[in-house]
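Let's take a friendly walk through a protein model, from its overall layout down to single residues. Have the picture open while you read.

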Amino acid sequence: VANDPLRPVLNGVFHDGENKMAVATNAHILVADAEYYDESKVDEGYQPKGFNMIIHRPVDRYGEFIDQRFPNWKSVIPQKSDDYIMHNVSLKELDKYIKECKAFMKLNGLMNKYAPTPIFKVGESFFQAEYLRIFLVATGECIYFNRKPSSFAETTKGMFWSDKRTAVIMPMTPNCDDLNEEA
């Protein structure tokens, strides 16, 4: 989940009673997981003052409902098809890369809250390395990409599907002038 005071709805976990999934996102990664679904945390519906619609809310870390509508998570998840090809990414290799990037930044006095974010390339997509690490831990080091995309987003976002878990990770769009091919 996020830790964002400006978007508190992303700081909670949505228990989707219709799909029997617990869903969390920080706007970079979205994970829907059946194993964490808890029927007791499903919101029966809330009608904000002045609105004609019922919204279903997520719960925060204390089990309290957040009075905002959770985003339509199903709209960003494409159906699994033969158009997607799998890439295996070594978590060990990624951890080594993150460690080397942090050592380089520390050596060059860049370890502060404005430090550059290590990015990692998988296929044709660039991801924030630490978000990619979270994604790979959740998916068993598997990531799928669409080989017949109809849009840029389909080309670059990483996907994962299983019987119990679905995940998506959004790519970064790095400034190509800042990339070093030797890194």
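Start with the order of the pieces: along the sequence, the pattern runs β-β-β-β-α-β-β-α-β-α-β-β. That gives 3 helices and 9 strands in total. Keep in mind that this is a predicted model, so every value here is computed from predicted atoms.

## The whole protein

How big a box do the C-alpha atoms fill? Taken along the principal axes, roughly 55 × 40 × 30 Å. The protein has 183 residues, and 38% of them count as buried. On the outside, about 11,800 Å² is exposed, with carbon and sulfur atoms supplying 51% of that area.

Now think about who touches whom. Take the contacts with a separation of 6 or more: 52% of them are between residues 24 or more positions apart. As for charges, there are 22 positive and 26 negative ones, and their mean positions are 2 Å apart.

## The nonpolar core

In soluble globular proteins, nonpolar side chains tend to be buried together. In this model, the largest nonpolar core has 37 residues. Which members touch the most other members? They are V23, W73, F120, V122, L132, F135 and I143. Lots of elements chip in: β2, β3, α1, β5, α2, β7, β8 and β9 each supply at least two residues of this core. The largest share, 5 residues, comes from α1.

Let's zoom in on α2, which covers residues 129–139. Its buried residues are A129, L132, F135, L136, A138 and T139. An α-helix has 3.6 residues a turn, so residues three or four places apart point the same way. Try following the buried positions of α2 in the picture with that in mind.

F135 is a good one to click on. Ignoring neighbours within four places in sequence, F135 is in contact with I29, C142, I143, G158, M159, F160, A167, V168 and I169. Right after the helix, α2 is followed by G140, which has a positive phi near 70 degrees.

## Rings that meet

How many aromatic pairs does a search of the whole structure find? There are 5. A pair of aromatic rings is described by the distance of the centres and the angle of the planes. For Y97 and F120, the centres are 5.2 Å apart and the planes sit at 70 degrees, so this pair is edge-to-face; the angle cut-off for that label is over 60 degrees. The pair also links distant parts of the chain: Y97 belongs to helix α1 and F120 to strand β5, 23 residues apart.

Is F120 buried or exposed? F120 counts as buried because its relative accessibility is 9%, and the cut-off for buried is under 20%. Elsewhere, Y84, Y144 and W161 form one aromatic cluster.

## Two residues with a positive phi

Most residues other than glycine have a negative phi, and most peptide bonds are trans. K20 has a positive phi of about 55 degrees although it is not a glycine. K20 lies in the loop between β1 and β2, and its relative accessible area of 41% makes K20 partly exposed.

A27 also isn't a glycine, and its phi is positive, near 80 degrees. You'll find A27 in the loop between β2 and β3. With 38% relative accessibility, A27 counts as partly exposed. Leaving out neighbours within four places in sequence, A27 is in contact with R7, L10 and M170.

## Sequence distance and space distance

Being some way apart in sequence is one thing, and being apart in space is another. Here are three pairs to find in the picture.

| Pair | Apart in sequence | Apart in space, C-alpha to C-alpha |
|---|---|---|
| A27 and V1 | 26 residues | 8.6 Å |
| K121 and T173 | 52 residues | 11 Å |
| K96 and E39 | 57 residues | 40 Å |

Two lysines in that table deserve a closer look. K121 lies in strand β5 and counts as partly exposed, at 45% relative accessibility. K96 has its place in helix α1. Why does K96 count as exposed? Because its relative accessibility is 54%, and the cut-off for exposed is over 50%.

Methods
Residues are numbered from 1 along each chain as its sequence is written. Side-chain values use heavy atoms; hydrogens and water are left out. A nonpolar core is a set of buried Ala, Val, Leu, Ile, Met, Phe, Trp, Tyr and Cys residues joined through side-chain atoms within 4.5 Å. Buried means under 20% relative accessible area, exposed over 50%, partly exposed in between (1.4 Å probe, protein chains only). Helices (H or I, at least four residues) and strands (E, at least two) are DSSP runs, numbered from the N terminus. Contact means heavy atoms within 4.5 Å. Accessible areas come from the Shrake-Rupley method with a 1.4 Å probe; for residues, only the protein chains shown count as cover. Lys and Arg count as positive and Asp and Glu as negative; His and the chain ends are not counted. The place of a charge is taken as NZ of Lys, CZ of Arg, CG of Asp or CD of Glu. Rings of Phe, Tyr and Trp (its six-membered ring) pair if their centres lie within 6.5 Å; planes under 30 degrees apart count as stacked, over 60 as edge-to-face and the rest as tilted.
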